[in-house]
Amino acid sequence: MTATPRLSLPVAVIMGRRTVARSGWSVASWQAVGVVAGANLQGIEARGSSVYQGEDEEHFLWGGLQLELYRDATEAYWANLVGQQPSLFIVCTEAEDGTMVPESVTADPNEAGAGVEGNDRVFSVPIPPEVYPVLERFVVEHHRPQERHKRKRAEWSADDPR
């Protein structure tokens, strides 16, 4: 977006990598585990550090990201909030070693769709409890629904030369 954000929240993303093994080969399968937000995240480094390691799964924490809210996107935020599964969207690029690197976090499904069209991987997670009221308040303060107008048909029969 070209507009300056009206609100910016520091966030960190937790990505999970699971190894899927079949018939002598294995491949990494990535998923978004969650997003955490708050002012105390300012010191977390951007690169993924391992925060959990299980038998076949590992979680990585990626900090240094911002959830930026824009006034001109409140229609999309509102639709997200009242939808069946209010979500944050994590736009990731794939590093050469196959690691999914979160590049941005958004509450705008249209922006997430643009990421998919640009060949990024987009994951969704439920909006965290600490973000939901902030997003809701932002929409209430800045959203101005546009009045819908019915399209009028042109009177084509009056111009008929018959």
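Me: A residue is called buried if its relative accessible area is under 20%. In this predicted model, how many of the 13 residues of strand β4 are buried?

Reply: Strand β4 covers residues 57-69. One of its residues, F60, has a relative accessibility of 12%; the cut-off is 20%, so F60 counts as buried. The strand as a whole is mostly covered, and the number of its 13 residues that are buried is 10.

Me: Which aromatic residue pairs with F60?

Reply: The structure holds 2 aromatic pairs. In the pair that contains F60, the ring centres are 5.8 Å apart, and the partner is W30.

Me: Is the pair of W30 and F60 stacked, edge-to-face or tilted?

Reply: Planes under 30 degrees apart count as stacked and those over 60 as edge-to-face, with the rest in a third class. The planes of W30 and F60 stand at 40 degrees, so the pair is tilted.

Me: How many residues apart are W30 and F60 along the chain?

Reply: W30 belongs to strand β2 (residues 25-37), whereas F60 belongs to β4. The pair thus links distant parts of the chain, and the separation is 30 residues.

Me: Is W30 buried or exposed?

Reply: The relative accessible area of W30 is 8%. The limit for the covered class is 20%, so W30 is buried.

Me: Which strand is joined to β4 by 11 bridges?

Reply: Strand β3 (residues 49-53) runs antiparallel to β4 and has 4 bridges to it; S49 stands opposite L61 of β4. These two strands form a hairpin with 3 residues between them. A further antiparallel partner places P10 against Q66 of β4, and the strand joined by 11 bridges, residues 7-22, is β1.

Me: Which element gives the largest share of the largest nonpolar core?

Reply: This core has 32 residues, and those that touch the most other members are M15, L67, Y77, L88, I90 and V105. Among the elements that give two or more residues to the core are β1, β2, α1 and α3 (132-142). The largest share is 5 residues, and it comes from β4.

Me: Which helix gives the most residues to the lining of the largest pocket?

Reply: The largest pocket has a volume of about 170 Å³. Its lining has 2 nonpolar, 4 polar and 5 charged residues, including T74, E75, W78 and H142. The helix that gives the most, with 3 residues, spans residues 74-82 and is α1.

Methods: Residues are numbered from 1 along each chain as its sequence is written. This is a predicted model: local features need pLDDT of at least 70, side-chain atom pairs count only at pLDDT 80 or more; totals for chains, interfaces and linings use all residues. Side-chain values use heavy atoms; hydrogens and water are left out. Rings of Phe, Tyr and Trp (its six-membered ring) pair if their centres lie within 6.5 Å; planes under 30 degrees apart count as stacked, over 60 as edge-to-face and the rest as tilted. Buried means under 20% relative accessible area, exposed over 50%, partly exposed in between (1.4 Å probe, protein chains only). Two strands pair if DSSP finds at least two bridges between them. On a 1 Å grid over the protein atoms alone, a cavity is a set of points where a 1.4 Å probe fits but cannot get out, and a pocket is an open set with protein on both sides within 12 Å along at least five of seven lines; lining residues have an atom within 4 Å of a point. Grid points are joined across faces, edges and corners, and a volume is the space filled by probe spheres set on the points. Ala, Val, Leu, Ile, Met, Phe, Trp, Tyr, Cys and Pro count as nonpolar, Asp, Glu, Lys and Arg as charged, and the others, Gly among them, as polar. A nonpolar core is a set of buried Ala, Val, Leu, Ile, Met, Phe, Trp, Tyr and Cys residues joined through side-chain atoms within 4.5 Å.
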